[in-house]
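Let's take a walk through this fold together. Have the sequence and the model open side by side, and follow along from one region to the next.

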Amino acid sequence: MPSMGEIWMGLGTLMGGIMFIYTMIQQFVPQHVAGYLSVYVYRIMAFANPYMEISFDEFTGGERLKLSQAYTAVEAYLGPKSSKLAKRLKAQIVKGNKDLAFSMDDHEEIIDDFEGVKIWWYLGKTVPETKSFSYYPSATERRHLRLQFHRRHRETVAKSYLQHVIKEGKANMIENRHIRLYSNNANEHKKTQWSHVEFEHPVTFDHLAMDPAKKQEIIDDLVTFSMGRDYYQKIGKPWKRGYLLYGPPGTGKSSMIAAMAMLLNYDIYDLELTAVKDNSELRKLLHDTSNKSITVIEDVDCTIDLTGKRKKKKKKEDKDEKKDPIKEKADEEEEESKMESKVTLSGLLNVIDGLWSACGKERIIVFTTNYVEKLDPALIRTGRRMDKHIEMSYCCFEGFKVFAKNYLDLESHELFDTIRHLIDEVKISPADVAENLMPKTIKRDPQVCLRNLIKALEKIKEAEKLKAEEEKAKKMDNDSIVDITL
């Protein structure tokens, strides 16, 4: 029985002979006859060759000026394998990536294995004979990735392997890239109204000063959502989730959003509703957000009038009293600026909960507010719009311990008991606790920082005591006035 090497040698000899005969025929037969013959020659070669090929061009489109997403995903998939298997590598800094990106050098080949199927990947490059000056690399050099496999594995490669390659490639791209922070800035000269910067916020859930059990509950909810593609498809719901963060100023709502993004490696889209002209533009903006992203509307209660109550109230005041002309003009100008955006409550609800909400996958929407009672109940209804309400409250002792660990490397101290009693009696925001624990000198004496916090807590306690006494005295005066009247 002939060996594999002998079989390959025989096939090579056969194909070489066919090509030689074909070349000789081309010189002695008319061109139109040679065209017909070439078709049969290629068919014979394909029949003799048991291997198939699939190519991915670097650029696509009519003029080959658009970077192919398939090529990019395959390149990202082959990156880790190339760094281990390829003999010649290209290293480059890719904008938005954390580390150097490695890939095969031109004309390099590596072998991949998938469920026992051996697959060869080859990076080729073609250079036109006539070179012309161009700003686009595709006009001078055109690369392509080509995979080769035995034709008996055609179904496995086409249905399973390529899906695996694209999926893993996209996952590698997301894992290695920097998180981006987008904002909607109106610009007529740009195709999209979103502009971005790299998001390098250092905060994680380990830095958030809140009850550990509540923190873990939020983390579990986020992780469950990110892994819920099949579940959401099964129950027939768009793969999205809404979070409402509410609480007093300085309680860490923005830090919570940053921690969410860092945990899931999602981009953040900071949507400023006052810069959106109407519902149509709002739909376009939300449609242009990417998958695996968090869309944030901060201070939703005071961005624009989503219910129309402000306008009605103004009309009622106009009927009750006549305002000073100068003040009335200033109020009108202020009202015009507030009403400049024609985004309505129904328009906002449609993009986060209507048919448009299904245009995208793995997306999170976050509303923040300092005054949850001011929001329209339709906007924050649980179950479909804001799935989870998270109260960001004043700092508790457990939250203080997180700050002490992060800021001062302390897990216990003799002053902790004093702080525990004080922090349970007063209302202090996490931001104020962090500010008082922040070392003010290079020496970073933990004792000094803890005493600074104790002084701040005692000052707040004294202020709250005085305020309570004033309110009590005022109430007594009002009661006395009522008694005299009676």
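**Aromatic pairs and the sheets around them**

The structure holds 14 aromatic pairs, where rings of Phe, Tyr and Trp (its six-membered ring) pair if their centres lie within 6.5 Å, with planes under 30 degrees apart counted as stacked, over 60 as edge-to-face and the rest as tilted. Before going on, keep in mind that this is a predicted model: local features need pLDDT of at least 70, side-chain atom pairs count only at pLDDT 80 or more, and totals for chains, interfaces and linings use all residues. Residues are numbered from 1 along each chain as its sequence is written, and side-chain values use heavy atoms, leaving out hydrogens and water.

Take F56 and W121, a tilted pair with 6.1 Å centre to centre and 35° between the planes. F56 sits in strand β1 and W121 in strand β7, so this pair ties together parts 65 residues apart in sequence. (Helices, H or I with at least four residues, and strands, E with at least two, are DSSP runs numbered from the N terminus.) Both F56 and W121 are buried; buried means under 20% relative accessible area, exposed over 50% and partly exposed in between, using a 1.4 Å probe and protein chains only. Then look at Y77 and Y161: their ring centres are 6.5 Å apart and their planes stand at 85°, so this pair is edge-to-face. Y77 belongs to helix α3 and Y161 to helix α4, so here the parts tied together are 84 residues apart in sequence. Both Y77 and Y161 are buried too. Add F114, and F56, Y77, F114, W121 and Y161 form one aromatic cluster.

Now for the sheet behind that cluster. Its 4 strands form an open sheet in the order β1-β8-β7-β6, with antiparallel pairing; two strands pair if DSSP finds at least two bridges between them. β1 (51-57) and β6 (109-114) stand at the edges with a single partner strand each, so one side of each has no neighbour in the sheet. From one strand to the next, the twist averages 25°. (Axes are lines fitted to C-alpha atoms, for helices over the stretch in contact, and angles run from 0 to 180 degrees between N-to-C directions.) Helix α3 (residues 69-85) packs on this sheet, touching β1, β6, β7 and β8 (142-150), and its direction makes about 100° with that of β6; contact here means heavy atoms within 4.5 Å. Helix α4 (residues 154-176) also lies across β1, β6, β7 and β8, running at about 130° to β8.

Zoom in on β6. In a regular strand the side chains alternate between the two faces of the sheet. Here I110, D112 and F114 make up the covered face of β6, while E109, I111 and D113 make up the uncovered one. β6 joins β7 (residues 117-126) through 6 bridges, with I110 opposite W121 and I111 partnered by W120. The two strands form a hairpin with 2 residues between them, and E115 in the turn has a positive phi of about 50°.

On to the other sheet. Here 7 strands form an open, mixed sheet in the order β10-β9-β12-β13-β14-β11-β15. Its edge strands are β10 (194-198) and β15 (388-391), each pairing on one side only. Inside it, β13 (residues 293-297) and β14 (residues 363-369) run parallel over 5 bridges, and I294 has I364 as its bridge partner in β14. Helix α7 (residues 253-264) lies across β11 (240-246), β12, β13, β14 and β15, at about 170° to β14.

Those two isoleucines turn up again in the largest nonpolar core, which has 29 residues; the ones with the most contacts inside it are F205, L222, M256, M260, I294, I364 and V366. (A nonpolar core is a set of buried Ala, Val, Leu, Ile, Met, Phe, Trp, Tyr and Cys residues joined through side-chain atoms within 4.5 Å.) Helix α7 gives the largest share of this core, 7 residues. Leaving aside neighbours within four places in sequence, L222 is in contact with F205, Y243, M260, L263, L264 and I364. Another core of 24 residues lies apart from it, with I365, F367, I380 and M386 among them.
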